[in-house]
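Me: I'm new to reading structures. Please take one small part and walk me through it slowly.

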Amino acid sequence: MPRNKIVGKQHYEPENIYLQPKAKRFGRLRYALDHALARGTLVTGRGMERLLGHAGAMLCVRRELLAIIEKCYVYVQRPYGRRQPLWPSVRRELSWLRALLPVAVADMRRPWSPSVLCYDSSPSGFGSGVVV
């Protein structure tokens, strides 16, 4: 049974110490992804923006999963207020996201790194830094 709820996450202990999205949040996002991926669904950029906001909040425990939704962010900007079918690249990324939702779990028993990493991207490239 969950002992603590932390910002939409469940924290189990003592033998299984991990953070994962609450079942209700997980189910809602899975339902929204299923709806967006259904044939014939028209999605606005605004609707995609909301879906990505929920996904981002849920995936913060496994940030590397955010790397799979690149074209989804481009889609948000193009037809912001207009309903249109999802692009094939966006459908593919949302399908990957849907398939990888169950691994959005953080094992709190893993060792912590003594280094602090920071990275960011920009249209002209990327930057990174390490503090030890």
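Does L37 count as buried or exposed, and what is the relative accessibility of L37? Please show me what surrounds that spot, too.

Reply: One caution before we start: this is a predicted model.

L37 counts as buried. The relative accessibility of L37 is 16%. The cut-off for buried is under 20%, so at 16% L37 falls on the buried side.

Now place L37 in the fold. L37 belongs to helix α1, which covers residues 23–37. Set aside residues up to four places away in sequence, and L37 touches R91, L94 and S95. Take S95 as an example. Along the sequence, 58 residues separate L37 from S95. In space, their C-alpha atoms are 7.5 Å apart.

Next, follow helix α4, which runs over residues 88–100. E93 sits in this helix. E93 is buried, yet E93 has no salt bridge. The nearest side chain of opposite charge belongs to K71, 6.2 Å away. A salt bridge needs the charged atoms within 4 Å. E93 still has company. Beyond the neighbours within four places in sequence, E93 contacts I68, I69, E70, K71 and C72.

L100 is also in helix α4. L100 is partly exposed, with a relative accessible area of 33%. Partly exposed lies between under 20% and over 50%, so 33% puts L100 in that class. L100 joins W96 and V103 in a nonpolar surface patch of about 250 Å².

For another view of burial, look at strand β3, residues 18–21. Its side chains alternate. L19 and P21 point to one face and are buried. Y18 and Q20 point to the other face and are not buried. Strand β3 pairs with strand β6, residues 106–107, in the antiparallel sense. Two bridges link β3 and β6. In this pairing, L19 stands opposite A106.

Finally, step back to the whole chain. The protein chain has four helices and eight strands. Along the sequence, their order is β-β-β-α-β-α-α-β-α-β-β-β. The protein chain has 132 residues, and 30% of them count as buried. Take the contacts between residues at least 6 apart in sequence: 57% of these join residues at least 24 apart. The accessible surface comes to about 9,300 Å². Carbon and sulfur atoms account for 56% of that surface.

Technical notes
Residues numbered from 1 in each chain as written. Predicted model: local features only at pLDDT ≥ 70, side-chain atom pairs only at ≥ 80, totals over all residues. Heavy atoms only, no water. Patch = residues over 30% accessible without salt bridge, like charges linked within 9 Å, V, L, I, M, F, W, Y side chains within 5 Å. Areas by Shrake-Rupley, 256 points an atom, 1.4 Å probe, with all protein chains shown as cover. Buried < 20%, exposed > 50% of the residue type's maximum accessible area, 1.4 Å probe, protein only. Lys, Arg positive; Asp, Glu negative; His and termini not counted. Contact = heavy atoms within 4.5 Å. Pairing = 2+ DSSP bridges.
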